[in-house]
2 protein chains.
Amino acid sequence: MDSSGETRIQRENRSRILSAGLEVFSAAGFNGATLDAIARAAELSKPNLLYYFPSKKAIYTALLDRLLDTWLDPLRALDPEGEPMDEMLSYVGRKLTLARDYPRESRLFAGEILRGAPHLKSELSGPLRVLVLEKGRIVRAWMDAGHLAKSDPRHLIMSIWALTQHYADFEVQVRAVLGPGHDPWVEAEQEVITHFRRVLAP
Amino acid sequence: MDSSGETRIQRENRSRILSAGLEVFSAAGFNGATLDAIARAAELSKPNLLYYFPSKKAIYTALLDRLLDTWLDPLRALDPEGEPMDEMLSYVGRKLTLARDYPRESRLFAGEILRGAPHLKSELSGPLRVLVLEKGRIVRAWMDAGHLAKSDPRHLIMSIWALTQHYADFEVQVRAVLGPGHDPWVEAEQEVITHFRRVLAP
DNA sequence: CGTCCGTTTGACCGCATGGTCAAATGCATG
DNA sequence: CATGCATTTGACCATGCGGTCAAACGGACG
């Protein structure tokens with residue numbers, strides 16, 4: 001018995017399943033993913049999966065729920081006390097690093113949004129919207145004070161998402177265009193930072 | 001009989017099927033789409049679909065094949081004889097208009113790339129890559145001549161794709177962030193053009 | 001009117017897949 | 001060791017879906 005209400009084996013198996021689910025869902029999408037494929041990736045039998053999660057959808061939503069929070073962390077870290085241009089470019093850098101290190105999470109998220117966000121629409125118009133508005137006010141203040149070029153902060157933030165996640169979500173296309181012998185992520189770091197430095201320069 | 005080898009009814013039904021397929025595939029993805037749903041949307045019986053197309057995959061690939069060409073038209077129209085900044089911003093505008101007027105095509109494409117482009121990988125590293133390289137040389141010449149700020153033209157072109165298509169592919173997220181009372185496309189026009197004017201200004 | 005051929009359809013098939021269940025297998029504790 | 005609960009699994013079920021087929025329908029032409 002265990003005071004947390006969850007044994008070590010439960011914690012471990014749940015974690016294996018979520019990890020396997022991320023792998024399969026991000027590569028094949030919700031409809032393309034099968035319980036057998038997830039079970040195989042988790043090295044568990046199919047009925048055993050369903051001992052820990054009641055359904056395929058439950059695995060999927062468990063992943064999505066965990067995801068949004070970490071996904072927004074870089075934006076949360078935007079510091080109103082910092083130097084404006086540094087803060088913005090650091091944010092761009094953090095977001096790009098996140099996309100590079102967690103492309104499966106990025107693609108899982110992209111797939112969900114692309115299909116109309118059936119499982120987290122409320123999260124989008126709730127916490128997400130609130131955070132963007134809140135951080136948007138900080139950015140606007142920086143713009144008004146002449147530290148950054150003026151634009152709609154919400155569209156600016158979305159443009160940062162679009163550019164950074166593009167390298168993860170459309171990776172095959174990026175690799176195809178650049179051709180072999182190029183490391184997209186190395187070049188992206190340089191290009192994206194320069195890109196936003198120009199956009200933001202007052 | 002008909003000298004073109006295709007009767008009016010064939011042309012019309014094939015067109016209905018492709019239109020229905022676009023609707024269903026773009027909303028649900030390849031795996032989420034069903035022949036019954038496509039048949040319903042096309043107002044035809046399921047076996048009748050398969051009289052015109054041999055399989056579900058055939059409808060999907062027929063759509064994709066038609067798509068890439070029109071999708072690249074705005075880039076093809078980039079005129080080496082034009083005024084550099086005007087040419088680039090016109091390209092951005094055309095791409096944004098395309099995304100606004102054909103969001104289903106954009107999402108169909110996005111879904112395909114997101115899943116690793118199994119059905120048009122060769123198109124990406126072939127015609128797409130060639131076109132980007134070719135137009136990239138034009139852009140580079142403009143940069144070298146001091147008409148545009150210097151950057152890697154291929155990444156620049158991809159950033160234009162990322163930003164414009166973002167408004168179509170992630171439309172639910174954009175709407176959620178902006179909230180009601182905002183027309184994303186109206187604001188996008190203004191913001192995206194300004195965005196790239198700054199990026200491109202020498 | 002009858003024939004022929006393009007078109008349409010209801011009925012059906014096989015298979016993959018999400019999910020169930022009862023029985024078996026650990027495994028910790030008294 | 002014995003008991004009881006957590007865990008695991010093989011076998012199975014129901015359903016949805018891609019695809020087939022033989023038969024029916026329809027219209028152009030002799």
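Which atom of B:Leu35 lies 2.8 Å from a phosphate oxygen of DNA strand D? In this predicted model, the partner is a backbone N or O atom of B:Leu35. A second backbone approach comes from B:Lys56, where a polar backbone atom is 2.8 Å from a phosphate oxygen of DNA strand D. Chain A supplies a side-chain counterpart: an N or O atom in the side chain of A:Gln10 is 2.7 Å from a phosphate oxygen of the strand.

These contacts may be placed in terms of secondary structure. Two or more residues of the surface near DNA strand D come from each of helix H1 (8–32) of chain A, helix H3 (46–52) of chain A and helix H3 (46–52) of chain B. Of the contributing elements, H3(A) gives the most, with four residues.

The whole set of protein residues around DNA strand D numbers 17. The closest of them are A:Gln10, A:Pro47, A:Tyr52, B:Leu35 and B:Lys56. On the side of the nucleic acid, sugar and phosphate make up 57% of the atoms of DNA strand D that come within 4 Å of the protein. When the protein surface near the strand is sorted by class, eight residues are nonpolar, seven are polar and two are charged.

Attention now turns from the DNA to the organisation of chain A. This chain is divided into domain 1, covering residues 1–53, and domain 2, covering residues 64–200. Taken over C-alpha atoms, the centres of these two domains of chain A are separated by 29 Å. Domain 1 of chain A brings six residues to the contact, and domain 2 of chain A brings five.

How much area is buried between domain 1 of chain A and domain 2 of chain A? The value is about 560 Å², and carbon and sulfur atoms give 63% of it.

The specific interactions across this interface can then be considered. One salt bridge is found between domain 1 of chain A and domain 2 of chain A. A:Glu23 forms a salt bridge with A:Arg104, and their closest N and O atoms are 2.6 Å apart. One residue pair in polar contact, with both residues at pLDDT 80 or more, is also found across the interface of the two domains of chain A. The side of domain 1 of chain A that touches domain 2 of chain A consists of three nonpolar residues, two polar residues and one charged residue.

Note on methods
Residues are numbered from 1 along each chain as its sequence is written. Chains are lettered from A and ligands numbered from 1 in the order in which they are written. This is a predicted model: local features need pLDDT of at least 70, side-chain atom pairs count only at pLDDT 80 or more; totals for chains, interfaces and linings use all residues. Side-chain values use heavy atoms; hydrogens and water are left out. A residue is near a molecule or strand if one of its heavy atoms lies within 4 Å of it. A polar contact is a pair of N or O atoms within 3.5 Å; within protein, one must be able to donate a hydrogen and the other to accept it, and residues adjacent in sequence count only if both atoms are side-chain atoms. Ala, Val, Leu, Ile, Met, Phe, Trp, Tyr, Cys and Pro count as nonpolar, Asp, Glu, Lys and Arg as charged, and the others, Gly among them, as polar. Domain bounds come from an automatic or database domain assignment. Contact means heavy atoms within 4.5 Å. Buried area is the accessible area (1.4 Å probe) that two parts lose on being put together, summed over both. A salt bridge is a side-chain nitrogen of Lys or Arg within 4 Å of a carboxyl oxygen of Asp or Glu.
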